[in-house]
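Work through the exercises below with the structure open. Each task is followed by a solution in steps.

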Amino acid sequence: MSKKANPATIGVFICVALVLGVGAILLFSSARLFSKTHKYILYFDASVLGLSPGAPVKFRGVTVGSVRELLIRHNQHERDTAMPVIVELDESVLKEKSDYVINISDKQVLKSMIDRGLRATIEAQSIVTGLLYVELEFRSPPAPAVFHQVREEYLEIPTQQTKIQLLIENIADIDFKQLMGQMSALAGNLQTNLSALNMKDINDGLTNLLVKLNQLVQSDDLTNAVIALHKTLDKLSARIDPLADQAEGMLVDARKAIGEAREAIGDAKKSLAHFDDTLRSAQDLVAPQASLRRDLSATMQDISEAARSITALADFLNRNPNALLSGRKSSEPKPNK
């Protein structure tokens, strides 16, 4: 006969189960219960494939929150195709990781950070797994800040497309099936062409070529030709060296002669300048308006008049030799008494 269950035992079991459940909830959600979080909305123009709720949100590599929810459309214009993502930032983590208190819930503080280049991007945690996370970073230069909310519901952080997003989009556009087909066709053509080649004849031809090259290198004719060429070069060098020395000496003499010629030309220029000055001085002396010429002309006139007077005196003395003793007789008639 079965024993009847004790109600007290059942009640104790239920109470223990409830305590364990509450403890587990408190253990796994203590961070959320005892921390203050703020929600933000981000709009990404590209696909968010690989980004899932719970993915970390990092500020310059330091985890400061997590992805809360991924949406298809939310509070945006009808033609706006950006993908909205809601994230939560933990204020206690920001305080713990920085000695400078940042009030992330302050709209003006967030605007100042956005003006300085704060942008949200999607980065890859691992290329192999394809898992993504959200990165907050001050970009320089940043992309233009574009806001998508029709009405202000959350604080919005502008986003910026990164190289990893472009890479993922390009990989998604690759037709791997067609690429594998092209590679298979290329490998088949290569194999067919290699099969068509007569490798034995090619190998024999290369072997014969190498043997002939070896014989040519080791032949006496080539050795003698190299020795003769070496001797010829030595003789040519012996003849060229004296010619080079002579040519160098001639160049030195030519340079000296050119220098002396330049000095002579300089002296000639100076002499011509002095001669030119002398000619100008002579021209100034004999010019019609020159005072020296006027003085000379007057002197010559005086000398001419003196010469005429002397000539007249000589003629008079020649006609009257006694004039020096008796004096010159007056030619005027004496008055009648």
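A salt bridge is a side-chain nitrogen of Lys or Arg within 4 Å of a carboxyl oxygen of Asp or Glu. The model used here is predicted, and the structure holds six salt bridges.

**Exercise 1**

Decide whether the side chains of Arg68 and Glu88 form a salt bridge, and find where the two residues lie.

Solution. Step 1: the N to O distance between the side chains of Arg68 and Glu88 is 3.7 Å. Step 2: the cut-off is 4 Å, and the pair counts as a salt bridge. Step 3: Arg68 belongs to strand 3 (residues 62-70) and Glu88 to strand 4 (residues 83-90). With their positions 20 residues apart, the pair links distant parts of the chain. Step 4: Arg68 has 39% relative accessibility and is therefore partly exposed, while Glu88 is buried at 7%.

**Exercise 2**

Describe the salt bridge of Lys95 and Glu91 and place both residues in the fold.

Solution. Step 1: the closest N and O atoms of Lys95 and Glu91 are 3.5 Å apart. Step 2: both residues sit in helix 2 (residues 91-97). Their spacing of four residues is about one turn of the helix. Step 3: buried means under 20% relative accessible area. Glu91, with 12%, is therefore buried. Lys95 is partly exposed at 48%.

**Exercise 3**

Which parts of the chain does the salt bridge between Glu152 and Lys107 tie together?

Solution. Step 1: the side chains of Glu152 and Lys107 meet at 3.1 Å, N to O. Step 2: Glu152 is in the loop between strand 6 (132-138) and strand 7 (155-156), and Lys107 is in helix 3 (residues 107-115), so the bridge joins parts 45 residues apart in sequence. Step 3: exposed means over 50% relative accessible area. Glu152 has 55% and is therefore exposed, whereas Lys107, at 46%, is partly exposed.

**Exercise 4**

Describe the surroundings of Lys58, starting from its place in the chain.

Solution. Step 1: Lys58 is part of strand 2 (residues 56-59). Step 2: its relative accessibility is 21%, so Lys58 counts as partly exposed. Step 3: leaving aside residues up to four places away in sequence, Lys58 touches Thr63, Val64, Tyr133, Val134, Glu135 and Leu136. Step 4: Glu123 is 65 residues from Lys58 in sequence, and their C-alpha atoms are 9.9 Å apart in space.

Definitions and conventions. Residues are numbered from 1 along each chain as its sequence is written. This is a predicted model: local features need pLDDT of at least 70, side-chain atom pairs count only at pLDDT 80 or more; totals for chains, interfaces and linings use all residues. Side-chain values use heavy atoms; hydrogens and water are left out. Buried means under 20% relative accessible area, exposed over 50%, partly exposed in between (1.4 Å probe, protein chains only). Contact means heavy atoms within 4.5 Å.
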